[in-house]
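Here is a short note for a colleague opening this structure for the first time. Please read it with the model on screen.

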Amino acid sequence: MVFIDVDLSRAQRLAIFGTVRGRRGSELKVLSAVETKMQGYFARIRSEVINRDKYKDPTGTWGTDTMQFRDEGEISYALGKQGGTRRKLERSSGAIIQYVGMETVCSGTKAERNRARDYMKWLFQQLEGPVYVWGWENRDDCTVVDIPTDCIGYITGNRRATLGVMEEEWGTLMFFMNESEEKGRGRGGTEKLAIFGPERPRRGSELKVMSGIETKSPGFFTRGIREKSSDFPGFDTDRMLFRDEEVSYALGKDGATRKKLEMASGAILQYVGHVAFIAGTLAERRRCKEFIQWLLQQRRGSVTISDIKDRDDVTEVHIPSNCKGWVTGNRGSELRRMEQDTGTYMFMALDAKGEERLLIFGVNPGSKIREGGRLHAERMVDEMIQEKLRDDERRGGGRRRTRSSSSEDSRRSRKRRD
């Protein structure tokens, strides 16, 4: 975006460059801000805005719908705390949703606008009583999970806080569906939790819910369950069964280990009781299962990964022997810190010759200057190595040996950089 008029005595024109979707998102955000300062401005240019770029997207169905709010109370409810409700409607529907004055302006493809209209309708119906979506079985944007009645409060949270966190994390819309107030309220019964949004976020939300319910009601989802491995190349879900002692190790403190494996692999990884559910494409699922297997092998000793030349998800770094303890930290604490900062999975592994080197795994290759990804992790490792070598030199600990060792290992490291 750039202002193209320099005469400050009159209104300036704002030029917005980019895709149809990007331009419309920026335009509506600007108009929402302008309307708060100049009420009625949007009404004067409304027709021009609504019809701009009509049908000019790859689907040929791009357009804009509007809905009028009745009062400030409706706007506040539809906006949510810090705009959270508006964001979840936007992310789950795929449409651009912005509140401009007393209007909801919704831009997107026809399918996206239809979803946004449905979601907004159901949102306000919840103020009046139970909501039930007839024909949900035939919708391609809906997943329904049966929840034990005695777990509803647990999974909902105080004033819907728990559901809200999951909606914010995954970009979905979630609510309980009831045909009537009484249905499903008996002890031992279930109620239907509807999850709306794209396939991957829906699955992520569903597995998060299942994990929570399994904690409260062990066996509800996992009783009699078996391992599963799919060869479908697209989005699917595999299952791995853990032994009891493996679950806590694969979970990590506050779920840190699970999260790093999930981020590094690109798959959705959730533990439901003693079962690991792995959702994603075939490549993502296979990668995640490899990471889990290597993780569990580390409990028993060293891991050997002999051939990585055909992989595009790993960076190999050779570390001088006098720097290994410094880079890994006490019980791997430094590696865990770098993993968290970069979204990678890092560990020392043996090659085919039995030589130890550091492997940095992750679907995100990163860049030389930005944070996150394998290149960021490699930079952090290099910085730690240089810090250790400088410290050794200051102490007079073998200047000549350290320098030659550093040069040799740097050459070896560059051979494996992506």
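How many of the residues of S11 are buried? Six of its six residues are buried, and the strand is mostly covered. Note that this is a predicted model. The points below start from strand S11 and work outward.

1. **Both faces of S11.** On one side, Val 275, Phe 277 and Ala 279 are buried. On the other, Ala 276, Ile 278 and Gly 280 are buried. Both faces of the strand are therefore covered.

2. **The sheet around S11.** Three strands form an open sheet here, in the order S9-S11-S10, with antiparallel pairing. S9 and S10 are the edge strands, and each pairs on one side only. From one strand to the next, the twist averages 20 degrees.

3. **The pairings of S11.** Strand S9 covers residues 236-241 and pairs with S11 over six bridges, in the antiparallel sense. Met 240 stands opposite Ala 276 of S11. S10 also runs antiparallel to S11, and five bridges join the two. Here Leu 269 has Ile 278 in S11 as its bridge partner.

4. **The turn between S10 and S11.** S10 and S11 form a hairpin with two residues between the strands. Look at Gly 273 in this hairpin: it takes a positive phi near 65 degrees.

5. **A helix across the sheet.** Helix H8, residues 199-216, lies across S9, S10 and S11. It runs at about 20 degrees to S10.

6. **The second three-stranded sheet.** Another point to check is the open sheet with the order S12-S14-S13, again with antiparallel pairing. Strand S12 (314-317) and strand S13 (345-350) each have a single partner strand, so one side of each is left without a neighbour in the sheet. The twist averages 30 degrees from one strand to the next. S13 pairs with strand S14, residues 356-361, over six antiparallel bridges. Met 348 stands opposite Leu 358 in S14.

7. **The largest nonpolar core.** Which residues have the most contacts inside this core? They are Ile 292, Ile 305, Tyr 345 and Phe 361, in a core of 26 residues. Several elements give two or more residues to it, including helix H9 (244-251), helix H10 (256-265), strand S11 (275-280), S13 and S14. Helix H11 gives the most, with six residues. In soluble globular proteins, nonpolar side chains tend to be buried together.

8. **Ile 305 in detail.** Leaving aside residues up to four places away in sequence, Ile 305 touches eight named here: Trp 294, Phe 347, Ala 349, Leu 350, Asp 351, Arg 357, Leu 359 and Phe 361.

9. **A separate core.** Apart from the largest core lies another, of 25 residues. Phe 69, Ala 116, Tyr 132 and Cys 142 are among them.

10. **Aromatic pairs.** The structure holds 17 aromatic pairs. In one of them, the rings of Tyr 119 and Phe 196 have their centres 5.5 Å apart and their planes at 55 degrees, so this pair is tilted. Tyr 119 lies in helix H5 (residues 110-125) and Phe 196 in strand S8 (residues 190-196), so the pair ties together parts that are 77 residues apart in sequence. Are Tyr 119 and Phe 196 buried or exposed? Both are buried.

11. **A ring cluster.** Tyr 345 and Phe 347 also form a tilted pair, 4.9 Å centre to centre, with 45 degrees between the planes. Tyr 345 is buried, as is Phe 347. Ring pairs link these two with Phe 291, Trp 294 and Phe 361 into a cluster.

12. **A charge over a ring.** Turn to Arg 299. Its charged end sits over the ring of Tyr 249, 5.2 Å from the ring centre.

13. **The chain as a whole.** The chain has 15 helices and 14 strands. Of its 418 residues, 47% are buried. Along its principal axes, the C-alpha trace spans about 75 × 70 × 35 Å. Among contacts with a separation of 6 or more, 62% join residues 24 or more positions apart.

Methods: Residues are numbered from 1 along each chain as its sequence is written. This is a predicted model: local features need pLDDT of at least 70, side-chain atom pairs count only at pLDDT 80 or more; totals for chains, interfaces and linings use all residues. Side-chain values use heavy atoms; hydrogens and water are left out. Two strands pair if DSSP finds at least two bridges between them. Helices (H or I, at least four residues) and strands (E, at least two) are DSSP runs, numbered from the N terminus. Axes are lines fitted to C-alpha atoms, for helices over the stretch in contact, and angles run from 0 to 180 degrees between N-to-C directions. A nonpolar core is a set of buried Ala, Val, Leu, Ile, Met, Phe, Trp, Tyr and Cys residues joined through side-chain atoms within 4.5 Å. Buried means under 20% relative accessible area, exposed over 50%, partly exposed in between (1.4 Å probe, protein chains only). Contact means heavy atoms within 4.5 Å. Rings of Phe, Tyr and Trp (its six-membered ring) pair if their centres lie within 6.5 Å; planes under 30 degrees apart count as stacked, over 60 as edge-to-face and the rest as tilted. A charge sits over a ring if NZ of Lys or CZ of Arg is within 6 Å of the ring centre and within 35 degrees of the ring normal.
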